[in-house]
Amino acid sequence: MDPLSLGLLVALATILVLFSGISVAAGLLVVAAGFLIIFDGMSSLSLVPEIFFGKLNNFALLSIPMFIIMGAAIASTRAGADLYEALERWLTRVPGGLVVSNLGACALFSAMSGSSPATCAAIGKMGIPEMRKRGYPDSVAAGSIAAGGTLGILIPPSVTMIVYGIATETSIGRLFLAGVIPGLLLVGLFMVWSLYSTWASGDTNVLRSKTYSWRQRLEILPRVLPFIFIIIGVLYAMYGGIATPSETAAVGALMCLIIAVVIYKLWDPLAIWSVLRDSTRESVMILFIIGAAGVFSYMLSSLFITQSIAAWIGELDANRWVLMGLINLFLLVAGFFLPPVAVILMAAPILLPIITTAGFDPIWFAVVLTINMEIGLISPPVGLNLYVINGIAPDIKLKTILVGSLPYVACMVVAIILLCLFPGLALWLPNLVMGEAI
Amino acid sequence: MSGSSHAAVSAQHGGNIVLRGIGMLSQVAGVISAMMILAAVAITCQMIFIRFVLNESTIWQTEGVTYLMIAATMLGLPYVQYVRGHVNVDLLPLMLPPAARKALAGLVLGLTLAVTGAILWHGYHFWYEAWDWGETSNTPWNPKLWVPYLALPLGFGLYALQMAADTYAMASAIEPPFGLDPDATLTDSAPVERAE
């Protein structure tokens with residue numbers, strides 16, 4: 001069988017196996033082992049443990065559990081609510097200050113936690129009831145937080161970007177920087193839509209902000225500033241050339257744990273254990289997929305599938321933008337069903353040679369891919385953030401949350417189009433800080 | 001998560017002492033895994049202190065914490081299985097009637113057990129060779145590799161044990177197939193647990 005038909009067979013088998021309800025990691029191992037046995041014989045399985053171990057034997061991967069601990073420690077406190085309150089108190093003169101501060105808090109919290117559901121839950125718990133109380137439409141209250149929460153995987157530090165960096169051997173530092181301006185662009189688009197939608201709903205009084213005294217504004221700062229300092233410290237350490245992402249993440253994790261204990265009085269050993277337990281569960285789940293995806297991509301290259309697809313695309317006389325459109329469509333559909341980490345790990349070994357052959361920048365592509373994954377987080381049938389919002393505000397119908405989220409999906413599509421038209425939106429900052437990529 | 005169609009958030013033992021024992025073993029492995037991740041945080045911070053504050057070089061830390069993370073991952077597998085934390089897509093199981101759902105669950109558990117068993121078997125040989133030949137990592141620290149490799153057979157062994165317990169629990173109706181509420185259908189919310 002020629003490698004291209006084999007590739008198609010692998011794709012079909014993977015879809016079938018993953019839809020059976022098997023865990024993603026085990027599914028990848030089953031498909032990889034199955035094809036290795038059929039085409040290379042039983043003895044090929046003896047290499048699997050070594051490949052699995054080898055894939056995980058990478059210091060850069062340590063940043064994943066570290067950033068997850070950092071996020072879990074912050075999520076265990078009321079830092080999200082404080083952040084949103086602080087922004088609201090300082091944005092008194094801005095029309096629609098409440099929804100603007102909610103989205104701003106989502107962006108900032110994303111930068112601290114690196115997790116979309118954690119951002120959604122932390123900001124939404126306070127933000128959604130407050131917006132509804134002040135008369136914002138339910139669709140805006142729920143949709144803005146669901147969409148704002150997805151920023152967690154784009155704005156640095158993002159676990160999704162780390163996984164992409166490891167899967168494609170691109171610089172994690174560059175990837176983090178590439179997410180900043182598109183992240184801010186998305187926040188801006190979300191804000192514009194939220195304000196327009198609220199204004200269009202008829203009651204413009206809703207957009208008026210409360211006024212706060214200077215005392216009220218200043219008293220909230222001590223609860224928020226430590227986290228802001230951590231973000232600045234993490235970014236300084238990483239881009240000042242002081243430490244690698246893993247080292248920076250470890251210090252960030254320790255500092256966030258200390259802040260959770262000292263400032264937010266997380267003294268109960270059980271509460272600290274639950275932070276560790278949740279971080280361990282998420283880290284192990286992601287690292288297992290990474291190891292399994294390593295075995296999967298070994299199978300693809302050992303059967304010459306990856307190389308053949310890249311060569312085939314190279315020979316195709318297709319317009320590169322048509323190709324990019326098709327890739328986006330594929331990612332969008334995959335993101336509807338699978339978690340971002342799984343999509344990246346499965347698709348990266350196949351897509352990377354295609355996009356580099358077609359002349360696209362892998363750093364720029366990471367941002368486009370991540371925004372696609374963000375759309376998956378707020379789209380049916382399995383948009384995780386929709387269910388997080390459903391959990392926080394059970395009296396808002398799932399349908400309202402879903403309909404409320406759709407305009408924000410459109411904002412993300414606009415962002416992808418803008419990125420295609422102006423790749424500098426993603427590439428300018430990493431090139432400025434770290435020099436042109438070689 | 002509100003509205004989830006999952007009946008259970010951790011493995012059910014239904015009073016069966018063996019299943020309970022295996023579940024406890026998985027939980028102990030989870031605690032060890034969490035402690036290893038915490039130790040990795042502490043060691044990395046110590047490494048940074050030595051390198052940037054004391055201006056001295058470090059020898060074992062980078063390699064050591066990577067091995068700790070790998071061991072935490074392997075030993076965490078049974079625990080994450082126990083708490084049903086391995087992410088999956090439940091769409092097809094939710095679309096199936098109870099009998100077909102049970103058959104599919106049996107197939108899924110069987111396939112997972114088979115691949116886990118294969119890695120356990122070859123992982124044991126991989127570890128044994130490193131032990132037998134006294135392999136080292138050829139780095140400045142140069143530790144014996146059988147120590148980090150031990151995590152492979154140990155982790156996958158415990159994972160296979162938890163999978164076997166889950167298969168028994170499903171077959172003897174202690175736990176519903178896929179841990180799904182027997183009445184759950186596709187129209188229920190949260191058909192999938194996802195990362196990120």
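Chain B and chain A of this predicted model bury about 5600 Å² between them, 78% of it on carbon and sulfur atoms. Buried area is the accessible area, found with a 1.4 Å probe, that two parts lose on being put together, summed over both. The contact takes 62 residues from chain B and 69 residues from chain A, where contact means heavy atoms within 4.5 Å.

Polar links across this contact are counted as follows. Between chain B and chain A there is one salt bridge, that is, a side-chain nitrogen of Lys or Arg within 4 Å of a carboxyl oxygen of Asp or Glu. A:Glu247 and B:Arg51 form a salt bridge, and their closest N and O atoms are 3.0 Å apart. Three residue pairs, both residues at pLDDT 80 or more, are in polar contact between the chains. A polar contact is a pair of N or O atoms within 3.5 Å; within protein, one must be able to donate a hydrogen and the other to accept it, and residues adjacent in sequence count only if both atoms are side-chain atoms.

The elements of chain B that give two or more residues to the side touching chain A include those in the table. Helices (H or I, at least four residues) and strands (E, at least two) are DSSP runs, numbered from the N terminus.

| Element of chain B | Residues |
|---|---|
| α1 | 17–53 |
| α2 | 61–82 |
| α4 | 98–133 |
| α6 | 151–171 |

The largest share of this side, 15 residues, comes from α1(B). The residues on this side of chain B divide into 44 nonpolar, 15 polar and three charged. Here Ala, Val, Leu, Ile, Met, Phe, Trp, Tyr, Cys and Pro count as nonpolar, Asp, Glu, Lys and Arg as charged, and the others, Gly among them, as polar.

One residue of helix α2 of chain B is B:Thr73. B:Thr73 counts as buried because its relative accessibility is 2%, and buried means under 20% relative accessible area (1.4 Å probe, protein chains only). Not counting residues up to four places away in sequence, B:Thr73 touches A:Leu56, A:Val284, A:Leu287 and A:Phe288.

Chain B as a whole has six helices and two strands, in the order α-α-β-α-α-α-α-β from the N terminus. Buried residues make up 50% of its 196 residues.

Residues are numbered from 1 along each chain as its sequence is written, and chains are lettered from A in the order in which they are written. Local features need pLDDT of at least 70, side-chain atom pairs count only at pLDDT 80 or more, and totals for chains, interfaces and linings use all residues, while side-chain values use heavy atoms, with hydrogens and water left out.
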